[in-house]
Every structure is written in C-alpha cells, then in structure tokens.
Amino acid sequence: MSMAEKGTHSVEKIGGTSMAATATLFDNVLIAGRSGPDLYNRIFVVSAYAGMTNLLLENKKTGEPGVYGRFVADDESNDGWRAAMEAVRTAMRERNAEMFVRPASRAEADAFVDERLDAVTACLDDLARLRSHGRFCVKEQLVTVRELLAGLGEAHSAHSTALLLRDRDVNARFVDLTLWNEEDPRTLDERVTEAFAEIDLATTLPIVTGYAGCTGGMVRRYARGYTEMTFSRIAVMTGAREAIIHKEFHLSSADPKLVGVDKARKIGRTNYDVADQLANLGMEAIHPGAGRGLRQTDIPLRVRNTFDRQDAGTLVRGDYVSEEPRVEIITGIRQMQALQFFEQDMVGVKGYDATILDVLTRHGIWIVSKSSNANTITHYLSASAGAVKKVITDLEERYPDAAISAHPVAMVAAIGSDISRPGLVGDALRALDDAGIGVIAIQHQIRNVDVQFIVESPDFERAVCVLHNALIEDVRDAEDTASGRRAA
C-alpha cells in the first residue's frame, strides 16, 4: 500500500480490558454486524490481554514483580522467574481455552504461545548462567530482556485475534512487529513501512502487535504507553482517515464513580490540548507522544467505548474549540508531592531551576506542574514521598543553605478547549470555600486550557464533586433553561 497518503481506512487500537472481553469485542468492534467488503479498510493494533503484561513485567499498580522483576532480583527461590514464566504460560493457555471453539485453532494458538515462551526462556537461561559466573555483567542486557518480555503479551493477543477472525471467515492477517527473533533492529517507521508494503487493506484485515521491536526500545522510551505509539505511527505512516481508540469507558466530564453516573456526561468533542492535559494528570485519552503525531498530520482521534456499540464516542481534533467558553472535564491526582525550594540568594541568580530539573530527571520524577517567585520554586510531582526524599537529599548537598521540603497534596483541574469564561475561577473558589475546602495554591495558564487547584489530599474527592457541580452541572442546567426559554 502507498504510505503517507490520506486513505479511506481507519487505524484502531484496542486496550487490554477490551481485549479480555472477547465476545463483546467481536460483537461491538471487530465484526459489529459487518460482512463482505465492510469488514476491511481497518487496521487493528492490539494490547495484551488485561493483566498479562503485569505477569510479564510487574504489576502496574502494586509493583508486584513478574518475570522481569524476578529475573532482575536474581530470584532462584520457588517463586523465581522460571515459575513466573510458567504462570504466564498457564494464563495464556487458559485465555486460549476460553476463546477458541475449534480444537485445531486452539492447538495452533497454544503452540504459538509455547514457541515464544520457550525461546525467551532459553535466552533468560543463558543470561542466568553467565550471571552465575560472577565475571560477566548482564546489567546492560536487562533492557533487552524487558523489551523481549513485553512483546510476548501483544504477540499472543494479536495472533489469537487473527486466528479467531479467520475462524469466522474474515481474511485477517497477524502482523508481528515484535522483532522477537531478528538481529537487525530498525526504526519504528521503517518497520511499519516494511510490514504494510504488500498488504491490500481492501481485502485484508491486519491485526498488529501493539509492541514493536525497534531501535531505542519501545518500553525504554515510552514505558507502558508503547502500544499507543505503535498505533499512532501506523496511522501517520499509512495516512489513516481516522484513528480510533477502544476503551472500556466513555471519555467523561468526571469519574462517574465520584460524581455519579447520572451527573457525568460524555465529552463528545474536544481537542488535542485537552488530551495533553489529561495525559499530564495520568488520565490518558492518548499518550502525549502518540497524540503529537496525529495532531501534526491532521488525523482526528476518536475515543470509543467498547461496551457501547451504538455511541460514536468522543472526537478529538487539532482545530476544535468549544462554541462557548466552558469546562469540559474535572479530574486530577489524588496523591502527589509539593516540593518547595526556598533560597534567599536566588533573587536575580540563574541556574537554580536548571539544577532542580536535572535532579528530578535523574530520579525519574514526573513533574505535573510548577510555579516560582523571587526566591521560591515549587514543583508538584506525581511521585512517592520516598522518591522525593531522595531528591531532597541530593539538592541539600548541592545547596546546603536552602530550605527544601515536601508536602503531600492533591490536585484537581478544570480542563476545556476554551475555559476563558469570565468569573470561572471566582465561581470555583466560592464553591470550594462554601464546601469548606481550603485551596493551597492555584495554577492558571494564559492559554486557557486548564486551571489547577492544589488542595489537601483528603479533600480530593469532595473537590472533584464540588467543582463538577459548580463548573459543569450548574452551567449545563443554566444553558438548558436558557435554551428552553428561547424555544418557548
């Protein structure tokens, strides 16, 4: 196929939770009532089944080690990395048993799993033997180990999905970008170009691994957001008409579990500025790096709910701005650290900010927001207290006369494509004050995309509900009332 020309096809990414709901996925997304030519002109990039990458690497939420974590720890106990690998094999085979009706297809899926796991296990065995000699340093190889293990989850899900589609008489093709047995890594764009060079999208449905083996390493560069980077580059390189992400929820005005299902509403339309702010707060519509490529090539992004087949989802475009200034989403971070650096001699002197940023970078700390005045710099960090304590130790060695401290806080943000409505911040502050919620700090950028309210951590949930009520529900009710009067 021709690269980089606007096509008639879509590129669609399926998240792990959606992948695990196999029957619903086929009914609502992969097949969804289509037949014949309507099944094609789509490319699907798939994540590993929910929980599988946790078993291979480590649990994303709890940090419990998987195969990789146990191998790094040189864990040779009964719960060592070999046992963890067998747990992965069991989980993948159990998943196959749940999905496949045809015995031949299930046998093929199981054989594929065994082949991949056996090959990677052999690699780890070789490294383990080298490490046991003591004179060999395998630390540099651990990055490659992490990449190899990550790709196993997507290889399993993509291969099984293609098999299941072929069982339903769909001409699906398993497109393996994992580079699991190749010695000549290429860039991601080169791998995509090569993989799709001979595929006719009008008659073939590609099911693509969300992990791609390429120079630089996908996990090293993008952590657990690598599937969205693969998805984005395929959309850009193949000139997609539209990029679609299938999630297990609608992109809503707030977490329905906090504000109530009856009060949260689907966004419907927004822009990439808003998507970036959400990613910064950990509520990803799309990884910021992935969104950048789509935005630069003017490819719209649609976020759909796998479990709501009839709903068109939320459309994200680069040029969208709401007709009237309004808040679209209330969200935030429940637990974060405010790192405060005070130095009386800072006034008029350069270099302090650069040094702080360097230390934060070396410790891998995520900066959500920052502020400064003449002698104080405050960074709001998505990090544990222990991690920030190490940062403080490093900074105190560099600046022994500075007063450096960290405080647990929460951040609640009001976000929208245009939030320039006069009085918005005042309304928010009054609502919080009426609810007895103290505001520690406010961040409001000139671009008018978000306002961040720093509050005490225990006040997070109430602050979300209060601001959603004041800035979205009350405004919506007022608009509905005004609309009714005009109609009358």
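In this predicted model, the side chains of Ser369 and Gln443 are joined by a polar contact of 2.8 Å. Ser369 sits in strand E10. With a relative accessible area of just 9%, Ser369 is buried, since the cut-off for that label is under 20%. Setting aside neighbours within four places in sequence, Ser369 touches Thr378, His379, Tyr380, Met411, Gln443 and Gln452.

The sheet around this spot comes next. Strand E10 belongs to an open sheet of six strands, ordered E10-E11-E9-E12-E14-E13, with antiparallel pairing. The edges are taken by strand E10 (366–372) and strand E13 (439–444); each has a single partner strand, so one side of each goes without a neighbour in the sheet. Going from one strand to the next, the twist averages 30°. At the E13 edge, five bridges link E13 to strand E14 (residues 450–455), and the two run antiparallel. Val439 stands opposite Val455 of E14.

Helices pack on this sheet too. Helix H12 (residues 272–280) touches strand E9 (329–342), E10, strand E12 (403–415) and E14, and its direction makes about 100° with that of E10. Helix H16 (residues 424–434), for its part, lies across E13 and E14 and runs at about 25° to E14.

As for the nonpolar interior, the largest core has 106 residues. Leu149, Leu165, Ile207, Phe231, Ile234, Leu294 and Leu301 have the most contacts inside it. Helix H7 (residues 142–167) supplies the largest share of this core, at 11 residues. Another core lies apart from it and has 25 residues, including Leu424, Phe453, Val455 and Phe460. Phe231, back in the largest core, gives a feel for who meets whom: beyond its neighbours within four places in sequence, Phe231 is in contact with Val11, Glu12, Lys13, Val45, Ala243, Ile244, Ile245, Ile286, Leu294 and Leu301.

On the charged side, a search of the whole structure turns up 30 salt bridges. One of them pairs Arg302 with Glu242, whose closest N and O atoms are 3.0 Å apart. Arg302 is in strand E7 (residues 301–305) and Glu242 in strand E5 (residues 242–247), so this pair ties together parts that lie 60 residues apart in sequence. Glu242 counts as buried, because its relative accessibility is 10%.

The salt bridge between Arg362 and Asp358 is a local affair, with 3.4 Å between the closest N and O atoms. Both residues lie in helix H14 (residues 352–362), four residues apart, or about one turn of the helix. Arg362 is exposed, its relative accessible area being 54%, while Asp358 counts as partly exposed at 43% relative accessibility.

Asp459 and Arg462 also meet through their side chains in a salt bridge, at 3.5 Å from N to O. Here Asp459 counts as buried at 15% relative accessibility, whereas Arg462, at 39%, counts as partly exposed. Elsewhere, salt bridges with shared partners join Glu86, Arg89, Arg93, Arg106, Asp110, Asp114 and Asp118 into one network.

Methods:
Residues are numbered from 1 along each chain as its sequence is written. This is a predicted model: local features need pLDDT of at least 70, side-chain atom pairs count only at pLDDT 80 or more; totals for chains, interfaces and linings use all residues. Side-chain values use heavy atoms; hydrogens and water are left out. A nonpolar core is a set of buried Ala, Val, Leu, Ile, Met, Phe, Trp, Tyr and Cys residues joined through side-chain atoms within 4.5 Å. Buried means under 20% relative accessible area, exposed over 50%, partly exposed in between (1.4 Å probe, protein chains only). Contact means heavy atoms within 4.5 Å. A salt bridge is a side-chain nitrogen of Lys or Arg within 4 Å of a carboxyl oxygen of Asp or Glu. Two strands pair if DSSP finds at least two bridges between them. Axes are lines fitted to C-alpha atoms, for helices over the stretch in contact, and angles run from 0 to 180 degrees between N-to-C directions. A polar contact is a pair of N or O atoms within 3.5 Å; within protein, one must be able to donate a hydrogen and the other to accept it, and residues adjacent in sequence count only if both atoms are side-chain atoms.
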